[in-house]
Amino acid sequence: MTEIHEQYRQALTPRELYTGRIKTLTEEIRQLNKYNRLVVVLELAAVGLAVGCVVAYTMWSNAAALVVALLFIAAYVAIRRRDSRNSRMSDEKESLRSVYQKELRYLGGDFSGFPSGEQYVNPRHEFALDLDIFGPQSLFHRINRTVTTGGSDFLAKELAETRVRTIGEIEARREAIRELSEREPLRTAFMAQGRGRQIDTADILEALRAVQQMQMPSLAAHRLTHIVAVGSILVFYGLLAGAVFGPLSGTFPMLWVLLQILAVYLLFGRTLKRISQCINIILPRLGIYVNMIMLIVTADLKSREGRDIIRQLSADEQDALKSFQLLKGIINALDQRNEIWVPISNALYLADYFIVRRFLLWQDRYMGHIEEWIAAVSHFDALVSMATFRYNEPAATDAELVDADEVVYEARGLYHPFLGVKAVRNDFTIADLHYYIVTGANMAGKSTFLRSIGINYVLASCGLPVFADSLRVSLFSLFSSMRTTDDLAHGISYFNAELLRLQQLIETCRQNRHTLIILDEILKGTNSLDKLNGSRLFLQSVASLPVTGIIATHDLELSKMQEQYPDRFHNYCFEIRLSDEITYTYRLSEGVARNQNATYLLKNILKSALR
């Protein structure tokens with residue numbers, strides 16, 4: 001039956017699956033809420049009946065009434081536990097439904113439920129700004145489902161990676177993403193842990209580091225003090241027994257208790273207060289980390305990258321799940337301390353001493369591995385986002401990776417992922433050390449096409465599916481210059497910013513064996529003749545480097561580079577058709593664009609405005 005259910009699930013489209021899961025969870029939540037209302041009535045009834053039985057006992061001294069009262073109290077406790085369990089189940093199902101609702105909105109083009117990654121926008125990055133990797137409506141915005149800020153950072157680093165990866169690294173990542181994309185319940189359960197809010201990984205690490213740097217009484221961890229503490233407790237209970245059942249005065253156990261309380265307070269009171277101040281910030285998040293680690297280590301992943309993460313978290317000697325559970329228990333004990341309970345618990349069983357001892361032993365054994373474990377969870381967190389993107393985009397396909405010491409880029413049916421499956425697709429082949437001049441009218445599709453080339457390469461190099469019928473690529477560095485802006489705060493004009501960007505491009509190209517550059521209008525910040533001469537000079541110079549390029553321009557004169565260097569430069573265009581209306585085909589073809597639309601569009605605007 002499980003196999004049949006899995007085959008049925010895989011046959012559903014993402015939209016059908018999400019819609020079905022939302023419907024099922026909504027009904028389950030309704031039933032739980034209905035049951036919870038009944039439970040409240042039963043709790044009140046059990047309390048009321050227990051009170052009635054106690055009243056009956058006080059009035060008539062009927063022992064049976066007292067027994068029945070105890071039974072009603074036991075029933076109340078059982079009902080209360082069931083109520084708590086049902087409330088947790090209801091919360092979990094609400095979180096799961098919220099995940100599915102966000103994914104359904106994603107399929108409708110609404111990404112507002114996910115962080116956009118604006119904090120990662122960097123105008124000086126080699127390609128991220130030009131290719132819309134970060135920010136509202138960006139690639140990151142579409143992919144990001146991370147529960148932790150550490151996972152968000154990991155995902156951002158992967159999407160903006162400038163190091164040329166190996167085929168082995170990409171195939172391992174692709175294997176991990178593919179496996180998780182087929183494990184929808186695991187992914188959804190993991191994403192639901194966030195309850196709609198990201199855990200600040202840096203806050204947790206900062207709190208733990210602060211505790212690690214504290215000066216704490218290490219004697220609590222020694223075996224001798226443990227023996228002394230246990231002996232002291234036994235002495236107290238011996239004195240207490242002697243006072244209750246024997247000839248000893250009650251003064252003796254009282255004095256012993258006061259000595260215990262004073263000693264524990266002087267030795268550990270301030271330490272526990274400082275620990276509590278640092279660590280209370282992470283208490284609500286520890287339970288979530290325990291749940292996330294549990295999901296990972298029990299996932300039985302087969303991919304190499306997945307197994308590596310599990311191995312990091314579940315080594316026999318240093319088990320992350322056990323460590324976080326122990327730390328959660330210690331922090332719960334700290335959280336339950338209060339002015340009334342502290343002296344009583346120290347009198348009865350030296351509670352503060354044992355809390356400090358447990359923490360010191362935990363710190364000694366596990367603290368050195370915490371950052372590694374949190375990094376492993378962040379890694380898995382990012383993989384879940386990537387896998388969800390793969391699942392949500394069934395029309396995308398895997399790129400073929402070519403082991404070649406040159407630029408290889410052969411695309412069939414390539415289109416921009418932001419445009420969806422209705423986008424016009426184009427075939428395009430880029431040969432190593434060749435340059436492609438793309439001309440065309442405004443809004444004809446030049447810039448979108450250039451971004452399609454770049455963003456699909458980014459996806460391929462991350463192990464993510466690409467938006468093309470097929471894409472065959474080698475591995476090389478990527479640099480773009482499409483959105484240069486001025487920086488008035490630092491006195492940098494638009495033209496100067498362009499020059500600095502081109503200088504950065506040249507430096508990057510010199511540091512890499514092979515680079516694909518994507519340029520949109522070289523030297524836009526100067527006059528037409530100067531721009532043309534400068535563009536020619538730049539292309540002639542950069543052609544001496546191990547660089548391959550694709551350049552969009554409105555300057556038709558630049559297309560004459562093909563006449564001078566027919567073996568290196570090639571002309572392509574996006575042509576439009578002018579009649580009563582402009583027809584945009586968004587089809588790439590060889591040659592130079594003949595029709596422009598700026599004057600045509602301006603005439604129409606003026607005609608309408610001046611009527």
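Here, a residue is called buried under 20% relative accessible area, exposed over 50%, and partly exposed in between. All the close-ups below come from a predicted model.

**Close-up 1. Tyr586, a strand residue with a positive phi.** By that yardstick Tyr586 is partly exposed, because its relative accessible area is 36%. Tyr586 sits in strand β10, which covers residues 582–590. What catches the eye is the backbone: phi at Tyr586 is positive, about 55 degrees, although the residue is not a glycine. For context, most residues other than glycine have a negative phi.

**Close-up 2. Asp300, a loop residue with a positive phi.** Asp300 isn't a glycine either, yet its phi is positive, at about 55 degrees. Look for Asp300 in the loop that links α11 (283–297) to α12 (304–313). Asp300 counts as exposed, since its relative accessibility is 51% and the cut-off for exposed is over 50%.

**Close-up 3. A nonpolar patch on the surface.** Seen here is a patch of about 680 Å², built from Tyr237, Leu240, Val244, Phe245, Ile344, Leu348 and Tyr349. Two elements, α9 (223–245) and α14 (341–349), each give two or more residues to this nonpolar patch. Helix α9 has the largest share, with four residues. Zoom in on Tyr237, which has its place in helix α9: with 37% relative accessibility, Tyr237 counts as partly exposed.

**Close-up 4. The largest pocket and its lining.** How big is the largest pocket in volume? Its volume comes to about 380 Å³. The lining takes in 21 residues, and the closest to the pocket centre are Tyr106, Leu107, Asn392, Glu393 and Gly420. Helices α2 (14–60), α3 (63–107) and α16 (370–392) are the elements that give two or more residues to the lining. Sorted by class, the lining of the largest pocket holds 13 nonpolar residues, five polar ones and three charged ones.

**Close-up 5. Ser544 and Leu433, apart in sequence.** Ser544 belongs to the loop between α19 (528–542) and β8 (547–553). Is Ser544 buried or exposed? Ser544 counts as exposed because its relative accessibility is 63%. The other residue to pick out in this view is Leu433: along the sequence Ser544 and Leu433 are 111 residues apart, while in space their C-alpha atoms are 9.1 Å apart.

Definitions and conventions. Residues are numbered from 1 along each chain as its sequence is written. This is a predicted model: local features need pLDDT of at least 70, side-chain atom pairs count only at pLDDT 80 or more; totals for chains, interfaces and linings use all residues. Side-chain values use heavy atoms; hydrogens and water are left out. Patches are made of residues with over 30% relative accessible area and no salt bridge: like charges are joined within 9 Å, nonpolar side chains (Val, Leu, Ile, Met, Phe, Trp, Tyr) within 5 Å. Accessible areas come from the Shrake-Rupley method with a 1.4 Å probe; for residues, only the protein chains shown count as cover. A salt bridge is a side-chain nitrogen of Lys or Arg within 4 Å of a carboxyl oxygen of Asp or Glu. Buried means under 20% relative accessible area, exposed over 50%, partly exposed in between (1.4 Å probe, protein chains only). On a 1 Å grid over the protein atoms alone, a cavity is a set of points where a 1.4 Å probe fits but cannot get out, and a pocket is an open set with protein on both sides within 12 Å along at least five of seven lines; lining residues have an atom within 4 Å of a point. Grid points are joined across faces, edges and corners, and a volume is the space filled by probe spheres set on the points. Ala, Val, Leu, Ile, Met, Phe, Trp, Tyr, Cys and Pro count as nonpolar, Asp, Glu, Lys and Arg as charged, and the others, Gly among them, as polar.
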